Amino acid sequence: MDTTATHFTLALLAVLTLTLPYGVPARNQGNYYGKPIGTLTEFAHGIRGTAYAVDESTIFIKGFSYDGTGPDAFFWVGNTQRPSPEGFIVPYPEDFKGRDPPVLKAFKEQDVILRLPLGKRLRDIKWLSVWCRRFTVDFGNVFIPQNLEVPKPRVLPEFKRLAHGLRSGNISVLDAKTFYIPNLHYDGAGPDAYFWVGNGTEPSPLGIKVPNEVGSLDPLRGYQGEDIEIQLPGNLTVYDIDWLAVWCVQYRHNFGHVLIPKDLDVPPALGQTKITPPWWYNPTSSTTPDPRGSPDPDDIASNCRSFLDDRLQVRWEMKGDVVQIQLAAKMREDQWMAFGLSGEQGRSTMVGGDVVVAFYDTDERVFKAEDYYMSATSQCDGTGGVCPDVRISGHDDAQLIQGDRKNGVTTVTYTRPLITNDPIHDRGIPSNGEVNVIAAIGALNSRKEANSHDIPDKTKDDIRIDFSSRNDHACTTSLFDLPTDPGVQAWEPQMITGENTFSVRIGPTGGKRGYTAITGLPSWGIAWYVNDLLIPEIFVERGQTYTFVVEGGIDPTNPAKYHPFYITDNKEGGYGQKTEDQRKKQRVFAGVGFDAEGYPYPTAAGRYCEWVHKTVDQSLKIESFNEYLSTLRLVCDEGEPAYLNWTVAPETPDLVYYQCYTHNNLGWKIHVVDMGYRSQQNGMSSAISFLTPSILLPLMTLHFFMR
């Protein structure tokens, strides 16, 4: 689009956003959150906020505050005359991990979306409370008004059938920005067709484009009876428009449209409606995809190479000044696959490598292909390591085309330029001739970024590709014929009780038997070894002082060997790489100081000591950690350790974590118990000395919670 057209579109969007049709409620002038329920009445713990009915089963609380100190507090609803134990929990967050909903943490003027569970609707309840189950206390509440008319989705007619086989089922307005279009058919033959909205009695050139179901503004592909959802761009809402159409911009032709009524009262768009993209999306083709979801070798010329014992296949085709690449791998849904240029010519080198990391984002329900640069073999801390280019002031030059996941195989197609405008973070692809390439598969972390991979899951050999080739086809197996990884047994969790001094060093995570298998969290390939045990669970007493002798590295210029130690209530850690808002959600109990301007810094960084493999990682062959430790040797740099003294305060929560200041997911749990717990355990020790850790740990935890 030229500059004049761009300015015209922006101006039109502004006009549509600011000008409402006559008689339409001004729901988008100011903020519209739904039908007001009322302001929460505070009885204790600083409860504040205003509740709105978003739809029949969703409540939005604007500016919710709570001090977080209630021992067993939840959002609580019921249909008695006033809040009482005869209610039920509304879990928050909705996507919590584990069997039981988490107790509410502290909130400070935060916006909260609550979804009523078990099929309940607002008409089934009379109140919403912040309720403490343990003490049966109402900290604050709001009552649901009788005969409250809540916003509801609105069903519209189907698209008018005017051209190019366009037809659909009845279209629904799910919320103020979202349309659901079922059974959509369109032949895809329009040269410049888009979803299109605007004002007036019928579609006209005075409209704006609406992104398709995967957020793209490319011309529409063909549809063959698909159910899709699309969302209006920017601040535009359904109250600003008179029609939704499929429109050809080049020829100013209306293929079909539906009119938007003036009397809509639909839910506000607060993020509660999740767009679900189709498994297959190809903007240049209207053909039906392979029903198994397998990559079509003809999609990208006839070039194909296999990597990582045939678990990853790479297809490519050079198209002018870009190369189109398709990655397909047999892997779990929570994993990523990466492919790109080696950091050095002549061998497979990670450091200095320029790769694209592709995966399916289960939170946003979209496929992604992201440009990465690897300055070091360490987790990205926002300044270096294995980082998306955009996190280190670079530019993402990977352009997603399509993605699919079927039968355990993830397939992602993308393009990238041969030469980019980012010489620092990108390596050029020669227009002819071979270049060294690398590939890997690993687990995603909580940021949906590439975490560490296991040792077998990366390339080691000198592998070269000529991207200008036309018949480099070396793939001989189907990914769907590969067996599913059966998994292995995790090692027994380790425990430390009755100790006041702890040595803290770095070591390997133990592959598939270690960190991830024990914690359920992704790892970076290294973890804390405390008293020469892999991430043991530590028991400490309130009022006692403990010393941690920290040897995790002292040189911040070498992020792969810089792991200051700290103690927090966050099970992920990485305080130093968090934003200010993210830091506010963490409580720190030891290991972090603040300078005169309020900036944090680590206080427990000593020389670097690491348990390393004597030969190669043998975790898959070894069934106990003690035996695994015998395959490691301790290597320490010169220098002195750091000493962190921690006196456990009376108000310390029952569960905290020891972590790394600069990286995520290196540590694990510290159980905090009351004074005298150790003597009680000493009295029990002779009776339970024969128990294994798998039996002992649950017994100790149960004993602690039942005191």
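# Disulfides and strand pairing: worked exercises

The torsion about the S-S bond of C609 and C636 is about 120°, so this disulfide is right-handed. A disulfide here is a pair of cysteine sulfur atoms within 2.5 Å. The model is predicted: local features need pLDDT of at least 70, side-chain atom pairs count only at pLDDT 80 or more, and totals for chains, interfaces and linings use all residues. Residues are numbered from 1 along each chain as its sequence is written, and side-chain values use heavy atoms, with hydrogens and water left out.

## Exercise 1

Place the link of C609 and C636 in the fold, and classify both ends by burial.

**Solution.**
1. Start with the bond. The S to S distance of C609 and C636 is 2.1 Å.
2. Locate the ends. C609 lies in strand β39 (residues 609–613) and C636 in strand β40 (residues 632–636), so the bond ties together parts that are 27 residues apart in sequence. Strands are DSSP runs of E with at least two residues, helices are runs of H or I with at least four, and both are numbered from the N terminus.
3. Fix the burial classes. Buried means under 20% relative accessible area, exposed means over 50%, and partly exposed lies in between (1.4 Å probe, protein chains only).
4. Apply them. C609 has a relative accessible area of 0%, so C609 is buried. C636 has 30% relative accessibility and therefore counts as partly exposed.

## Exercise 2

How many disulfides does the structure hold, and which pattern do they follow?

**Solution.**
1. Count. There are 3 disulfides.
2. Take C304 and C475. Their S to S distance is 1.9 Å. The torsion about their S-S bond is about -85°, so the disulfide is left-handed.
3. Trace the ends. C304 sits in strand β18, and C475 in the loop between β28 (464–466) and β29 (495–496). The pair links distant parts of the chain, 171 residues apart.
4. Check burial. C304 is buried at 0%. C475 is buried too, at 11% relative accessibility.
5. Take C380 and C387. Their sulfur atoms are 2.1 Å apart. With 105° about the S-S bond, this link is right-handed. Both cysteines are buried.
6. Read off the pattern. Counting bonded cysteines along the chain gives 1-4, 2-3, 5-6.

## Exercise 3

Find the bridge partners of W76 in β8 and in β6.

**Solution.**
1. Set the pairing rule. Two strands pair if DSSP finds at least two bridges between them.
2. Go to β5 (residues 73–78). Buried residues make up 6 of its 6.
3. Pair β5 with strand β8 (residues 127–132). The sense is antiparallel, over 6 bridges. There, W76 is bridged to S129.
4. Pair β5 with strand β6 (residues 88–90). This pairing is also antiparallel, over 3 bridges. There, W76 is bridged to I89.
5. Look at C132. Its relative accessible area is 1%, so C132 is buried.

## Exercise 4

Give the strand order of the open sheet of 5 strands, and name its edge strands.

**Solution.**
1. Write the order. It is β18-β19-β20-β26-β25, with antiparallel pairing.
2. Mark the edges. They are β18 (303–307) and β25 (399–406), and each pairs on one side only.
3. Quantify the twist. It averages 15° from one strand to the next. Axes are lines fitted to C-alpha atoms (for helices, over the stretch in contact), and angles run from 0 to 180 degrees between N-to-C directions.
4. Inspect one pairing. Strands β20 (residues 322–330) and β26 (residues 409–417) are antiparallel over 9 bridges. In β26, Q324 has T415 as its bridge partner.
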